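This report covers a helix pair, a single residue position and an annotated segment.

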Amino acid sequence: MTDATILDEEHEAQFGDYFALLKPRVMTLVVFTALVGMLVAPVTLHPFLGFCAILFIAVGGGAAGALNMWWDADIDAVMRRTSKRPIPSGRVTGRDALSIGLALSGFAVVMLGLATNWAAGGLLAFTIFFYAVVYSMWLKRSTPQNIVIGGAAGAFPPMIGWVAATGSVSLESVLMFALIFLWTPPHFWALALFMRSDYDDAGVPMLTVTHGRRTTRRHIFAYTLVLAAFAVWLGLTTAGGPIYLVTAIALNAWFIKGAWEIRGRDEEAAEADSYLVEKKFFRFSLLYLFLHFGALLTDAILRTAGVIA
Amino acid sequence: MIRAEHEIHRRRRSRNVGMLVVLIGLICVVFGLTMVKVKQLGAAQSFDHVVRPELLPGEEAPQ
């Protein structure tokens, strides 16, 4: 066996490497929120069509992730958090990622259109385009509001799930979109506050770098206030219910309290306790979104069972 | 020297098995979708090389 053979074996892409291009962690959030969007809709899809719709939405989301990894391979290599991704680590070529991203995008859009309706297929196509082109290629490296814009791409799945069931966009689906869209900035800015060197090294114009950390703290609080209003509003529509409403009020009160604490801290205090408050806020934000959609799902199940009106 | 299993097969086993699973999954999904979509159309009849009076336009089926 030659040295060259050893090198080849080390760099031979395995199936898991190609799967990692689809950002499986992000995909779980996409699947969960799209599923809730579909199940809270007033129209019931055939279970197998529902399963296929979620599958194709997940594949579409994964395809967008692959296109993002292809485009962002240079900054992924610089950032510690992303340096082990398949392209920067040399396991998959950028060309392969591009091919897989494009092929899966086309496949997911056409199949979702055929399985449910073309409004859902079109919305999925727009989501992929928005994430890969508008966010990744255009705005991520040019504006400090990149996270706000990128959040829109992640906010579409529940709306696509809703449209797959009903065939049209309505207030409830817009509010589910708003819930994720407005949740994204506080979530990522909290991360940027304690992962400072990563974004600085990569030259990504995060708000923490361009406008300073004090402004970022104020932005986190402002977005959290607006988020709370939209989150509670969703509970007053047909998609919500008593469990969602109680959950939303409790979680948002807690979230506002955390954002207020972040707003009031200066860098000295944050560094003294190794960004404890920011880290706690970030971890809670993951639970926040999961519990909101979990509560929506619970209300939908109880409505179907006839327990609540 | 001819080997029954080339080294590349071992090296690419996970890719090949993964691709097999994906393709089988795709066949199942397309088959399932076809069955559900066709069943949602309801009962359907068409010409099948035998004259069926009930399909002729404007004529009552014989009693």
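## Helix packing and selected sites

In this predicted model, helix 4 (residues 47-71) of chain A packs against helix 6 (residues 94-115) of chain A at an angle of about 155°, and their axes are 8 Å apart. Helix 4 of chain A is therefore roughly antiparallel to helix 6 of chain A, since angles over 145 degrees count as such. The crossing of helix 4 of chain A and helix 6 of chain A is left-handed. By class, the contact between helix 4 of chain A and helix 6 of chain A has 19 nonpolar, four polar and no charged residues. On the helix 4 side of chain A, the residues in the contact include Phe56(A), Gly60(A) and Trp70(A); on the helix 6 side of chain A, Gly101(A), Ser105(A) and Met111(A) are among them.

Leu227(A) lies in helix 12 (residues 213-235) of chain A. Leu227(A) is buried because its relative accessible area is 0%, and buried means under 20%. Beyond its neighbours within four places in sequence, Leu227(A) contacts Leu179(A), Leu182(A), Trp183(A), Asn252(A), Phe255(A) and Tyr288(A).

The table lists separations for one residue pair and one helix pair.

| Pair | Separation |
|---|---|
| Leu227(A) and Ile180(A) | 8.7 Å, C-alpha to C-alpha |
| Helix 4 of chain A and helix 6 of chain A | 8 Å, between axes |

In sequence, Leu227(A) and Ile180(A) are 47 residues apart.

For chain B, an unreviewed UniProt entry places a "transmembrane region" at residues 20-38. Over residues 20-38 of chain B, the chain is 100% helix and 0% strand, with the end C-alpha atoms 27 Å apart.

Conventions: Residues are numbered from 1 along each chain as its sequence is written. Chains are lettered from A and ligands numbered from 1 in the order in which they are written. This is a predicted model: local features need pLDDT of at least 70, side-chain atom pairs count only at pLDDT 80 or more; totals for chains, interfaces and linings use all residues. Side-chain values use heavy atoms; hydrogens and water are left out. UniProt positions are given in the numbering used here, feature names are shortened, and annotations may be inferred rather than shown by experiment. Helices (H or I, at least four residues) and strands (E, at least two) are DSSP runs, numbered from the N terminus. Buried means under 20% relative accessible area, exposed over 50%, partly exposed in between (1.4 Å probe, protein chains only). Contact means heavy atoms within 4.5 Å. Axes are lines fitted to C-alpha atoms, for helices over the stretch in contact, and angles run from 0 to 180 degrees between N-to-C directions. Angles under 35 degrees count as roughly parallel, over 145 as roughly antiparallel, 65 to 115 as roughly perpendicular and the rest as oblique. A crossing is left-handed if the near helix is turned anticlockwise from the far one by less than a right angle, and right-handed if clockwise. Ala, Val, Leu, Ile, Met, Phe, Trp, Tyr, Cys and Pro count as nonpolar, Asp, Glu, Lys and Arg as charged, and the others, Gly among them, as polar.
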